[in-house]
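Me: Please take a close look at one part of this protein: its aromatic pairing. Set it in the context of the whole fold.

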Amino acid sequence: MHEEVKEVLFTADRIQARIRELGGAISRDLSGRDPVILALLKGGVVLTADLIRTMDCPVHLDFAWVSSYGGGTVSSGRVELKVFPKEDLSGRTVLVVDDILDTGRTLRAVVDELRETLKASDVRTCVLLDKEVPRAVDVEADYVGFRVGDQFVVGYGLDLDGHYRNLPYIGVLHGPGAGGAGGRPELG
Ligand code: PRP
């Protein structure tokens, strides 16, 4: 375990087992639809890479870059759509994949953009973590790996100021950031 991690909430083995379950369910649901798997940069990349390798239906892979956290541990409340796929998504089935659903602003903005502007015909959503907090907007994910309480977690795509995305597990850090109260934990 990384020395700055206080507690592991979901081990690498448990995450991979759950992803295999999700991949099986998604493959069954989207079979024959030629779906576009849309990974949200940056945090959603890790889940996407593992998820698509558990899916046995044909998929296309694309990326969107969306950002809501201005850095640190608290959402800025603004969602910036930085880069969207150039591919024509009109009439397509799109599965949006992200690491965590928190206030819901990110997923809501992406789903709205896909439906209203890019004219995708069927938009599904998959997140590894569903934070059990009141949403700022009305959105839920179709496929959820695990539910977590209101705490700041890192690993498996989730970062603190760009660190920890490569941890193969989900954990809680030592320090003030661990409680989600803002500020950066002491590192090292
Ligand atoms: C994080 C996370 C989700 C979003 C969830 O992304 O990856 O996309 O916040 O929060 P919300 O439900 O409150 O919108 P972030 O904007 O930090 O960018 P990143 O993926 O590059 O870390």
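Reply: The aromatic pairing comes first, then the fold around it. This is a predicted model, in which local features need pLDDT of at least 70, side-chain atom pairs count only at pLDDT 80 or more, and totals for chains, interfaces and linings use all residues. Residues are numbered from 1 along each chain as its sequence is written, and side-chain values use heavy atoms, with hydrogens and water left out.

Rings of Phe, Tyr and Trp (its six-membered ring) pair if their centres lie within 6.5 Å; planes under 30 degrees apart count as stacked, over 60 as edge-to-face and the rest as tilted. The count here is one aromatic pair. Phe10 and Phe146 form that pair, and it is stacked. The centres are 4.2 Å apart, with 20° between the planes. Phe10 sits in strand β1 (residues 5-10) and Phe146 in strand β7 (residues 143-148), so the pair ties together parts 136 residues apart in sequence. Strands are DSSP runs of E, at least two residues; helices are runs of H or I, at least four; both are numbered from the N terminus.

Phe10 is buried, at 8% relative accessible area. Phe146 is buried too, at 9%. Buried means under 20% relative accessible area (1.4 Å probe, protein chains only).

Now the whole chain. The protein has three helices and nine strands. Their order along the sequence is β-α-β-α-β-β-β-α-β-β-β-β. Of its 188 residues, 48% count as buried. Contact means heavy atoms within 4.5 Å. Among contacts with a separation of 6 or more, 67% join residues 24 or more positions apart.

Conventions. Buried < 20%, exposed > 50% of the residue type's maximum accessible area, 1.4 Å probe, protein only.
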